[in-house]
Amino acid sequence: MPKVHITTDDKTIEVADNYALIDMCEEHDTSILFGCRDGACGACMVRVLEGAENLSPMQDHEKDFLETMAAEPNERLACQCKVTGDVKLEVSE
Ligand code: FES
């Protein structure tokens, strides 16, 4: 099962393959915050430290929003990501 390590919380959570990050965060106490849950507010932005290839590919909607926010290349919107393998994240400032 994929493991999600959140460095901000020093916490590792095991999830089922292809599990939505937002569902994981609702079931566990994490520092990742959510607002719109639809890729439109940026509240859930995380920095992917390792395992970017183990998150679901970025769709145009997310890509456009991150470009608008001038996000760094390793930043993703947690509400738009599913987990397919081990990944290490931190909450973006
Ligand atoms: S919760 Fe708004 S962009 Fe993810």
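Let me start with D10, which counts as exposed at 65% relative accessibility, because the cut-off for exposed is over 50%. Please keep in mind throughout that this is a predicted model. D10 sits in the loop between β1, residues 3-6, and β2, and its phi is near 50°, a positive value in a residue other than glycine.

Where else does a positive phi turn up in a residue other than glycine? One such place is A70, whose phi is near 55°. A70 belongs to the loop between α2, residues 60-68, and β5, residues 75-77, and A70 is exposed, with a relative accessible area of 65%.

Staying in that loop between α2 and β5, we also find M69. Is M69 buried, partly exposed or exposed? At 42% relative accessibility M69 counts as partly exposed, because that value falls between the 20% limit for buried and the 50% limit for exposed. To place M69 against the other loop I mentioned, the C-alpha atoms of M69 and D9 are separated by 24 Å, with these positions 60 residues apart along the chain.

Let me now go back towards the N terminus, to K11, which lies in strand β2, residues 11-14. K11 is partly exposed, with a relative accessible area of 27%. If we leave aside the neighbours within four places in sequence, K11 is in contact with V4, H5, I6 and D29. Of these, V4, H5 and I6 fall within the residue range 3-6 given for β1. What does the side chain of K11 reach at D29? The side chain of K11 comes to the backbone oxygen of D29, at 2.4 Å. As for the chain start, the C-alpha atoms of K11 and M1 are 16 Å apart, with the two residues 10 apart along the chain.

The next residue is E62, which is placed in helix α2. Is E62 buried or exposed? E62 is buried, with a relative accessible area of 1%, and the label applies because buried means under 20%. Again leaving aside neighbours within four places in sequence, the contacts of E62 are with R76, L77, Q80 and C81, and of these R76 and L77 fall within the range 75-77 given for β5.

With those residues in mind, let me turn to the chain as a whole. The protein chain has two helices and seven strands, and, read from the N terminus on, the elements run β-β-β-α-β-α-β-β-β. Among contacts between residues at least 6 apart in sequence, 63% join residues at least 24 apart.

On overall dimensions, the radius of gyration of the protein chain is 12 Å, which agrees with the value near 12 Å that a compact globule of 93 residues would have. Taken along the principal axes, the C-alpha atoms fill a box of roughly 35 × 20 × 20 Å.

Finally, burial, surface and charge. Buried residues make up 42% of the 93 residues, while the accessible surface comes to about 5,200 Å², of which 46% belongs to carbon and sulfur atoms. The protein chain carries 8 positive and 20 negative charges, and the mean positions of these two sets are 2 Å apart.

Notes: Residues numbered from 1 in each chain as written. Predicted model: local features only at pLDDT ≥ 70, side-chain atom pairs only at ≥ 80, totals over all residues. Heavy atoms only, no water. Helix = DSSP H or I, 4+ residues; strand = E, 2+ residues; numbered from the N terminus. Rg over C-alpha atoms; globule rule 2.2 N^0.38 Å. Buried < 20%, exposed > 50% of the residue type's maximum accessible area, 1.4 Å probe, protein only. Contact = heavy atoms within 4.5 Å. Areas by Shrake-Rupley, 256 points an atom, 1.4 Å probe, with all protein chains shown as cover. Lys, Arg positive; Asp, Glu negative; His and termini not counted. Charge placed at Lys NZ, Arg CZ, Asp CG, Glu CD. Polar contact = N/O pair within 3.5 Å; in protein donor to acceptor, adjacent residues only side chain to side chain.
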